[in-house]
Amino acid sequence: MGALFSSKKKPVSRVTEQDKAVLKLKQTRDKLKQYQKKIVLNQEKEKVLAKQCLDQGRKDKALRLLKKKKFQDSLLEKTDGQLDNLERMVQDIEFAQVEIQVVEGLKGGNEALDALHQIMSLDDVEKIMGDTEDAIAYQREIDDLLSGGVGVEQPDEDELLAELGQILGTEAEEQLPDVPVSDMDLPEAPTHEIEEKSKAREGRTMVASRNL
């Protein structure tokens, strides 16, 4: 049983040394922030105490407290600089990890392209294209032989345009409306004036014949 359990492999940790370094830097940053909070609280207390000393006439004690406050202010400035350095270091490490992933991705992509190029080289592509053109030309020859040697001629563009014009002209004539002639209401010609003129002409002819 002991040999059986000992033969099991331990799971591989995915935590890298860079991750551990980032974690340690963040822990140090948090400790510095806690230290700053402690200094600020002490300053508030000592400020109240210095005021009480001034009220009690203990000027020397108040001055010592103010000197201590100045020293603590310098400590806060130093810790601010240290925090900036820690933050910058964390960001640099994290960005470097991203860059490593980018490089690994590019490396994998290049390897995949190399493998594809080995499978299909430039010479192979040229040979395939040449074989394809030969096969198409051979098929055309077969088609010409089967059709009696008469190849399919491409239509002339001018002839196509002329035929298209004829089609359009025919469609335009077919779309013209028919005018019904029989149903048109035309005015009737005046007959009474013509009859009166003809009678007057006959009367003048008879008078002239009598005078002769």
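Asp-131 counts as partly exposed, at 39% relative accessibility, where partly exposed lies between buried (under 20% relative accessible area) and exposed (over 50%), with a 1.4 Å probe and protein chains only. That is our way into the exercises. The model is predicted, so local features need pLDDT of at least 70 and side-chain atom pairs count only at pLDDT 80 or more, while totals for chains, interfaces and linings use all residues. Residues are numbered from 1 along each chain as its sequence is written, and side-chain values use heavy atoms, leaving out hydrogens and water.

**Exercise 1. Find the salt-bridge partner of Asp-131 and say where the pair lies.**

Step 1: Apply the rule for a salt bridge: a side-chain nitrogen of Lys or Arg within 4 Å of a carboxyl oxygen of Asp or Glu.
Step 2: Lys-127 fits, with 3.0 Å from N to O.
Step 3: Place the two residues. Both lie in helix H4, four residues apart, or about one turn of the helix; helices here are DSSP runs (H or I, at least four residues; strands are E, at least two), numbered from the N terminus.
Step 4: Check the cover. Lys-127 has a relative accessible area of 54% and is exposed.

**Exercise 2. Describe the overall make-up of the chain.**

Step 1: Count the elements: there are six helices and zero strands.
Step 2: Read them from the N terminus on, which gives α-α-α-α-α-α.
Step 3: Look at burial: 10% of the 212 residues count as buried.

**Exercise 3. Determine how H2 and H3 are arranged, then look for a side-chain link between them.**

Step 1: Two packed helices are described by the angle between their axes and the distance between the axes.
Step 2: For H2 and H3, the angle is about 165 degrees and the axes are 9 Å apart. Here axes are lines fitted to C-alpha atoms, for helices over the stretch in contact, and angles run from 0 to 180 degrees between N-to-C directions.
Step 3: That makes H2 roughly antiparallel to H3, as angles over 145 degrees count as roughly antiparallel, under 35 as roughly parallel, 65 to 115 as roughly perpendicular and the rest as oblique.
Step 4: The H2 and H3 crossing is left-handed, meaning that the near helix is turned anticlockwise from the far one by less than a right angle (clockwise would be right-handed).
Step 5: Now the link. Lys-26 and Glu-94 form a salt bridge at 3.5 Å, N to O. Lys-26 lies in helix H2 (residues 17–55) and Glu-94 in helix H3, so the pair ties together parts that are 68 residues apart in sequence.
Step 6: Both ends are partly exposed: Lys-26 has 29% relative accessibility and Glu-94 has 32%.

**Exercise 4. Locate the nonpolar surface patch and its supporting elements.**

Step 1: Select residues with over 30% relative accessible area and no salt bridge; nonpolar side chains (Val, Leu, Ile, Met, Phe, Trp, Tyr) are joined within 5 Å, and like charges within 9 Å.
Step 2: This yields Leu-113, Leu-116, Ile-119, Met-120, Leu-122, Val-125 and Met-129, with about 720 Å² of accessible area together, by the Shrake-Rupley method with a 1.4 Å probe, counting for residues only the protein chains shown as cover.
Step 3: Helix H3 (59–119) and helix H4 (122–146) each supply at least two residues of the patch, while Met-120 is found in the loop between H3 and H4.
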